[in-house]
4 protein chains.
Amino acid sequence: MSDQKIGIWLIGAWGGVATTTVTGLAALQQGLTPEYGLVSALPQFQNVGLADWSQFVVGGHEIRDTSYVEAAQHLHQNSRVFDAATLDKIEGTLKEFDSNVRPGTLMNVGPTITSLATGDVLNHKDETTSQTLERLKQDLVHFQKKNDLAHVVVMNVSSTEPPQTEEIKSLSWSDLEAKIGAGDFAIPASTLYAIAALQAGCSHVNFTPSIGCDLPALEDLSQQTGTLHVGRDGKTGETLMKSILAPMFANRNLNVMSWVGHNIFGNLDGKVLDDPVNKSNKVHSKDHLLTEILGYKPQTLVSIEYIESMGDWKTAWDHIHFQGFLGTPMVMQFTWQGCDSLLAAPLVLDLIRFTERQWRRGDQSGTMGFLSSFFKSPMGTDLPQFHKQFDLLEAWAEEVSAE
Amino acid sequence: MSDQKIGIWLIGAWGGVATTTVTGLAALQQGLTPEYGLVSALPQFQNVGLADWSQFVVGGHEIRDTSYVEAAQHLHQNSRVFDAATLDKIEGTLKEFDSNVRPGTLMNVGPTITSLATGDVLNHKDETTSQTLERLKQDLVHFQKKNDLAHVVVMNVSSTEPPQTEEIKSLSWSDLEAKIGAGDFAIPASTLYAIAALQAGCSHVNFTPSIGCDLPALEDLSQQTGTLHVGRDGKTGETLMKSILAPMFANRNLNVMSWVGHNIFGNLDGKVLDDPVNKSNKVHSKDHLLTEILGYKPQTLVSIEYIESMGDWKTAWDHIHFQGFLGTPMVMQFTWQGCDSLLAAPLVLDLIRFTERQWRRGDQSGTMGFLSSFFKSPMGTDLPQFHKQFDLLEAWAEEVSAE
Amino acid sequence: MSDQKIGIWLIGAWGGVATTTVTGLAALQQGLTPEYGLVSALPQFQNVGLADWSQFVVGGHEIRDTSYVEAAQHLHQNSRVFDAATLDKIEGTLKEFDSNVRPGTLMNVGPTITSLATGDVLNHKDETTSQTLERLKQDLVHFQKKNDLAHVVVMNVSSTEPPQTEEIKSLSWSDLEAKIGAGDFAIPASTLYAIAALQAGCSHVNFTPSIGCDLPALEDLSQQTGTLHVGRDGKTGETLMKSILAPMFANRNLNVMSWVGHNIFGNLDGKVLDDPVNKSNKVHSKDHLLTEILGYKPQTLVSIEYIESMGDWKTAWDHIHFQGFLGTPMVMQFTWQGCDSLLAAPLVLDLIRFTERQWRRGDQSGTMGFLSSFFKSPMGTDLPQFHKQFDLLEAWAEEVSAE
Amino acid sequence: MSDQKIGIWLIGAWGGVATTTVTGLAALQQGLTPEYGLVSALPQFQNVGLADWSQFVVGGHEIRDTSYVEAAQHLHQNSRVFDAATLDKIEGTLKEFDSNVRPGTLMNVGPTITSLATGDVLNHKDETTSQTLERLKQDLVHFQKKNDLAHVVVMNVSSTEPPQTEEIKSLSWSDLEAKIGAGDFAIPASTLYAIAALQAGCSHVNFTPSIGCDLPALEDLSQQTGTLHVGRDGKTGETLMKSILAPMFANRNLNVMSWVGHNIFGNLDGKVLDDPVNKSNKVHSKDHLLTEILGYKPQTLVSIEYIESMGDWKTAWDHIHFQGFLGTPMVMQFTWQGCDSLLAAPLVLDLIRFTERQWRRGDQSGTMGFLSSFFKSPMGTDLPQFHKQFDLLEAWAEEVSAE
Ligand SMILES: NC(=O)c1ccc[n+]([C@@H]2O[C@H](COP(=O)([O-])OP(=O)(O)OC[C@H]3O[C@@H](n4cnc5c(N)ncnc54)[C@H](O)[C@@H]3O)[C@@H](O)[C@H]2O)c1
Ligand SMILES: NC(=O)c1ccc[n+]([C@@H]2O[C@H](COP(=O)([O-])OP(=O)(O)OC[C@H]3O[C@@H](n4cnc5c(N)ncnc54)[C@H](O)[C@@H]3O)[C@@H](O)[C@H]2O)c1
Ligand SMILES: NC(=O)c1ccc[n+]([C@@H]2O[C@H](COP(=O)([O-])OP(=O)(O)OC[C@H]3O[C@@H](n4cnc5c(N)ncnc54)[C@H](O)[C@@H]3O)[C@@H](O)[C@H]2O)c1
Ligand SMILES: NC(=O)c1ccc[n+]([C@@H]2O[C@H](COP(=O)([O-])OP(=O)(O)OC[C@H]3O[C@@H](n4cnc5c(N)ncnc54)[C@H](O)[C@@H]3O)[C@@H](O)[C@H]2O)c1
Ligand code: NA
Ligand code: NA
């Protein structure tokens, strides 16, 4: 392992997932916590040559005026996570990372997200698309230079945007570049961030259901710039369970008649998803894989509801109604009571370590399909089953270890 | 597909699983039911050349005096399974199969099972071990001859025996054969049935937690006789879920602190398992795989309780307490409400079809490890994960299809 | 007990609740079933002098063209309820009752209910309100006369209507009567049925969330006609649980922060409630009592979703998030897996028996508050706690027994 | 309200329930927490004239050498309860109360409890029963005098003892007194503590399933000494639910076929209850009331299992299988996820306040039946339904308010 520094650039830097990621990273750097929840800490990845926790430096883009210290305290009190002693010990690190956070952009994020904005970001309202893109890119370049970073991984953990228009999916990179120049095309913020990343030579990972880099145009760009990217929508709870359980129903030829899933939680993400437009993006992401795995479409229902008292704790209740032998109906139900950000944060760190390692191999570009097990709507693969996706990751690890 | 007849010989012929298997088979033969629950009906097994439902003829050994018609009616009324119209239509077939059922043996089955015995089996109490073995073998030979069967698969679906002594596990076949001759060794009934099967040139499958053919001596015998066998303990409910879910906790590095599973049901199997000696066999079978999959031993608890009102419906409640990132405790719970015999019966049919096909390849003998996905304590494999076991089955199917 | 005949007139005569009520009544008349689920069969009501099952004769209004025999078969096959033998034995009775069913009215029932209509009811589309009222009344009079009935209890078990306008709640009976005459007021069908009942000297019970007799005008009318009435919305499942559990949270000073309830089911009622307008009526009925019992308003969520595979089986999942000592959050969850019509039907029979007995006391009129324990939105009482409502019923029984 | 001081004497002073009670009391004294969970804080008890939190002083008997500060820290870290800031602020009060804790007695507590003992209590092993009784009494007298206390309520919150012999239940107080003098009778520690309390003129409340004061002899003694007492086994979780839910099944004539309850938790109480002898006491206490409420005996199962990872959090899963109309089987299940000590502690404080108030009325003695809603096995009442028990408390409050 070298002692080169590596940059983590978080879009949505002071949100729940980001704050938990940074809190966890700081605690890992000081050896204050075991490595539970981290896939990259499993035995099968120990010979891959992943970066050490000590090598990482954090910065990011935000649209609200707060800080890691404040956001972590809020999670501690509101959701009963972290312990007071750890928060004390890492305060210095959090403050250091706070100084690397810059105003992001509100371009085409819709009214619900816009209404959250406070502080410096409000000063950039009148920029053209090109000006914004340039500013975001410069933030990355400056971060890398100032901290002497070998590489920067840009990680989108910002609020879920409204769904994009269909048109953007049919554009090539040169089409899209032209439209940005012309300034007459509503490009989603998540995509703008992704472009900035790839053009600045960074890797880009999209942990959100927003479109981000999941576009032919961005695949073009990543090939041209020799950069890496992947997404989208981190697979942490109910959908993870679906990608685990549905193969069993398929393999046992049990006919799933209906699969109902209700999710309740009370964090900021939940508040944004309470807007039906933003929610539609997430529901789609949670719903499609059943059909892909089963090979037929059972009646499905996915609800996501904002229940304030839950804080960052999400409870999913799933009711699976299936027919067995002689058409006999049977039922499986599960409840999943997890803390949303604490499920997401280690995966964010894993994705960064795996991405950086892939970049370090040299000569790699385009979509990283081997990371599909981390996503609800994975790019670069057709395999919806978790265990088949995980096989891809293990195969990659063996390949890299052998190099 | 040929129109050769194939024999199914059920040990525990009028029990819940057996009766449901035969009811289902008869319904399938008349095209009265869809093929839900049957693994062998999946698309990936359509080119393997499995036998048709119409080819099968049923017989078996029992220790209680009843019949398929009576047993099926009891399940219908007591457990609200099957429909009245189907039962009417298949009555003739059931009666035909009833005529092939012969008295089994009570040798070393322990007091709880012995107390169930009624009818003809009571006339065979004074036999020596050799005499019993010979009788059982003759029943198979006679069944095959009378019905002009190309092959017979013997399937043990009888009550769970008490655990066996350790000594038997260290014996070779010649040791064991000598002891049978000497008549001074307590050989479990399940093993006696298995020996009879292999010596009669039949295949043998053990769907129960009893020891059956899971002994070095029986592996010797199967090699010598060129016969096939596999076991043990059909994986139909809670343990199936464990072999599906535990890999997820392992792959996500979530630290399982405790896994508690409570099972309630009210059928005859439940009554036998209410005897703590018989139960110990089953609990062991349900418990070991967590450690194998996780690589460490969480605190576990498995209870199986006889609750009469449940009839053949089993409810399992599992509570999984795990630590995620930063040591945060989270909980997953599931309930599984399935009808025990209806989950088991299609697998019994699958095992018979796959076994017969393997036999038909010719020149095969010994343990059929490719059938491990069907068992809680599979023989012939070290892989505890369901999906890896299922891969073995699919690989076998490709191999056979290619022949 | 006398051997006078008593009429049961079901609005929604061939629906799920009605069909189950009639199936159960016929089975009780022949002694084919125990009296489980019947409140009126409890020991504390044995000296009240309730009518015998043998005394009841059934008729009703419908808008769809079917029959008890057909509807009961459909429930049997689709929802696995009733047993085939019972259905055979009661076929004659069902056919007899079928002959008493008359076309109802579609006045102001909204598009979803209207779309269900088939058969004779379509011939009455052009009637004025007065004509319809007269026709419905004559049906009751004719039923009573033809069958020589001492009394008729009209029971509304028809589909849930859309919510009514506010205006109707402020009208006196003479206001409303005038408006009916004028023919320019949109009077809900449920109220029209109630008026017909009271004017024909029948008692009226509203088992649905529709407005029915829950109006000052109808209370006026019942006083004037010396008739009895009560409602509304039978309390059979999740709301019953709420009225049982919420008092515990109140009495133990546990602070309910949120109460989330999701209901899934797949019967015709569910299909009608899938229309958001009709559903709003039901959701309101399920939601208000928490605030009444707790004395403050926790965040609540009630969802009702049509999941076809469930048939008449309803599963409710409730998640109650509460704070105990030192503000510590805790959770109670329950699932309720009941068959909707089978929960409702015995209450329908109970309400009829209790109502008829109250009528038999003589000189009684107006709202029967002592029946509040049967309703989600009870009339004639302010007590939302189930046990306090049940105390009223027991007190009534003691009073009547003493007469 | 006067400013007289009142003593709380806790048997099992540094256990989980006791520590939580004292932590909560200290927080209430400083106004650091809302009064959630406290029955005595409900509106209906505001005119009763209950004592203020500021009036209470704590002492007690223990058999392990620890302290409130240490025990509270352990609960905080192990079970994620209390918050660090509150613990800081109340440290002084806890230390003050620590100085009032004295060694208790190990007389007849059985091997499991004896094995927990550390510190001073080990010096009293050779005492006779009379000497121990005298010592315990002197501790109470000294506590009262030193702190100038108007009254002392002795509250047993110590570990569950093994079941007592039947003989003791048939003794009068003079019989028992003679046996204590003779020194040849195995009197349970819980009863010895109760005798000490009553002889010292204190009130005595038994929050445990141990026999304590639930004996004719102790009722005699309380009458003779003009003292108050009540018990036993605080009703905080699953059994509370049973006393709430079972009346609903009874009132609706739903036939409960089986009621299965599994409890898992990981605190010290759980460790003691892991001894089957001690557990039998608790299971009996949780089981009897179903039959009392329903009027018949369904099949029941209550399991209590020690699962270390749970800490003080208890999860109960209950499965209720019942028959409704036409004998149709249905299911209700619930899970209760509560923190055991935090459920118990406010009830301990309530019981003390209500008891002290009853004492302050003057001229009261014997069993306080009006407190039955707090207990699993209540003394002084035959009513098993929670709501009827709560009615007794409200009636008492009205009576006292009116004085
Ligand atoms: N388990 C999980 O938590 C999980 C799983 C999968 C996906 N996700 C996704 O991760 C994202 C973050 O989740 P969260 O719980 O942290 O949400 P959050 O609301 O706590 O955080 C989002 C942050 O993004 C910021 N933001 C919004 N728009 C921005 C913009 N245009 N530019 C820069 N910053 C912006 C917000 O101010 C906020 O601080 C969401 O899209 C969520 O759906 C989360
Ligand atoms: N889902 C499932 O039902 C399932 C899953 C895995 C394993 N199993 C195992 O399958 C076996 C059968 O289960 P079941 O529910 O049918 O039980 P069952 O009790 O209904 O049937 C067992 C039958 O075996 C007969 N029997 C007992 N001892 C015998 C002997 N020595 N020789 C011949 N017959 C004998 C009994 O009379 C009875 O008819 C059990 O061992 C069970 O543990 C069942
Ligand atoms: N557990 C329960 O089933 C339950 C509990 C409380 C209330 N309810 C209420 O009882 C009612 C009946 O429930 P269901 O499950 O039987 O529904 P259903 O849809 O099976 O039956 C309703 C019947 O009413 C008929 N109908 C509709 N409009 C009519 C009209 N204007 N005149 C005459 N008939 C009409 C329909 O054709 C149908 O046959 C619903 O309002 C429901 O909300 C049911
Ligand atoms: N929700 C609840 O926590 C709850 C509900 C009902 C009843 N209870 C009962 O309350 C009691 C206390 O529960 P807990 O969780 O605090 O248990 P705990 O084990 O944490 O505390 C019991 C304390 O009693 C002490 N002790 C044991 N024997 C003693 C003796 N002879 N004299 C003095 N001290 C002694 C132990 O050292 C320990 O500190 C138990 O009997 C329990 O069953 C608790
Ligand atoms: Na079984
Ligand atoms: Na209904």
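Me: What makes a residue part of the surroundings of ligand 1, and which residues are the closest?
Reply: A residue is near a molecule or strand if one of its heavy atoms lies within 4 Å of it. By that rule, 29 residues surround ligand 1. The closest are A:Gly16, A:Val17, A:Glu62, A:Tyr193 and A:Lys282. The model is predicted: local features need pLDDT of at least 70, side-chain atom pairs count only at pLDDT 80 or more, and totals for chains, interfaces and linings use all residues. Residues are numbered from 1 along each chain as its sequence is written, chains are lettered from A and ligands numbered from 1 in the order in which they are written, and side-chain values use heavy atoms, with hydrogens and water left out.

Me: What makes the pair between ligand 1 and A:Arg64 a polar contact?
Reply: An oxygen atom of ligand 1 sits 2.8 Å from an N or O atom in the A:Arg64 side chain. A polar contact is a pair of N or O atoms within 3.5 Å; within protein, one must be able to donate a hydrogen and the other to accept it, and residues adjacent in sequence count only if both atoms are side-chain atoms. So the A:Arg64 pair qualifies. A polar backbone atom of A:Ser159 is 3.4 Å from a ligand 1 oxygen. A backbone N or O atom of A:Asp340 is 3.0 Å from a ligand 1 nitrogen. The protein covers 99% of the 830 Å² of accessible area (Shrake-Rupley method, 1.4 Å probe; for residues, only the protein chains shown count as cover) that ligand 1 has on its own.

Me: Which helices and strands supply at least two residues of the shell around ligand 1?
Reply: In chain A, they are α1 (16–29), β2 (56–62), α10 (268–273) and α13 (340–361). Helices (H or I, at least four residues) and strands (E, at least two) are DSSP runs, numbered from the N terminus. The shell holds eleven nonpolar, eleven polar and seven charged residues. Ala, Val, Leu, Ile, Met, Phe, Trp, Tyr, Cys and Pro count as nonpolar, Asp, Glu, Lys and Arg as charged, and the others, Gly among them, as polar.

Me: Why is ligand 1 said to lie between domain 1 and domain 2 of chain A?
Reply: Because domain 1 (5–234 + 342–402) and domain 2 (238–337) both give residues to its shell. The bounds come from an automatic or database domain assignment.

Me: What does the surroundings of ligand 3 look like in chain C?
Reply: Ligand 3 has 29 residues around it, and C:Gly16, C:Val17, C:Glu62, C:Tyr193 and C:Lys282 come nearest. A backbone N or O atom of C:Gly15 lies 3.3 Å from a ligand 3 oxygen. The side chain of C:Arg64 has an N or O atom 2.9 Å from a ligand 3 oxygen. A polar backbone atom of C:Asp340 is 3.0 Å from a ligand 3 nitrogen. The protein covers 98% of the 840 Å² of accessible area that ligand 3 has on its own. Domain 1 (5–234 + 342–402) and domain 2 (238–338) of chain C both give residues to the shell, so ligand 3 lies between them.

Me: Why is C:Thr21 called buried?
Reply: Because its relative accessibility is 2%. Buried means under 20% relative accessible area, exposed over 50%, partly exposed in between (1.4 Å probe, protein chains only). C:Thr21 sits in helix α1 of chain C.

Me: Which class does A:Asn108 fall in, and what is its phi?
Reply: A:Asn108 is at 38% relative accessibility, so it counts as partly exposed. Its phi is positive, about 55°, although it is not a glycine. Most residues other than glycine have a negative phi, and most peptide bonds are trans. A:Asn108 is in the loop between β3 (101–103) and α4 (110–114) of chain A. D:Asn108 has a positive phi near 60°. At 37% relative accessibility, D:Asn108 counts as partly exposed.

Me: Where are the cis peptide bonds of chains A and D?
Reply: One joins A:Gly231 and A:Arg232, with omega about -15°. Another runs from D:Gly231 to D:Arg232, with omega near -15°. A:Arg232 lies in the loop between β6 (228–231) and α9 (238–251) of chain A.

Me: Why is the relation of chain C to chain B called that of a two-fold axis?
Reply: Two copies of a chain are related by a rotation about an axis and a shift along it. Chain C can be laid on chain B by a turn of 180° and a shift of 0.0 Å along the axis, with an RMSD of 0.0 Å. That is the relation of a two-fold axis. Copies are superposed by least squares on the C-alpha atoms of residues with pLDDT of at least 70 in both. C:Ala84 comes closest to the rotation axis of the residues of chain C, at 3.6 Å (C-alpha).
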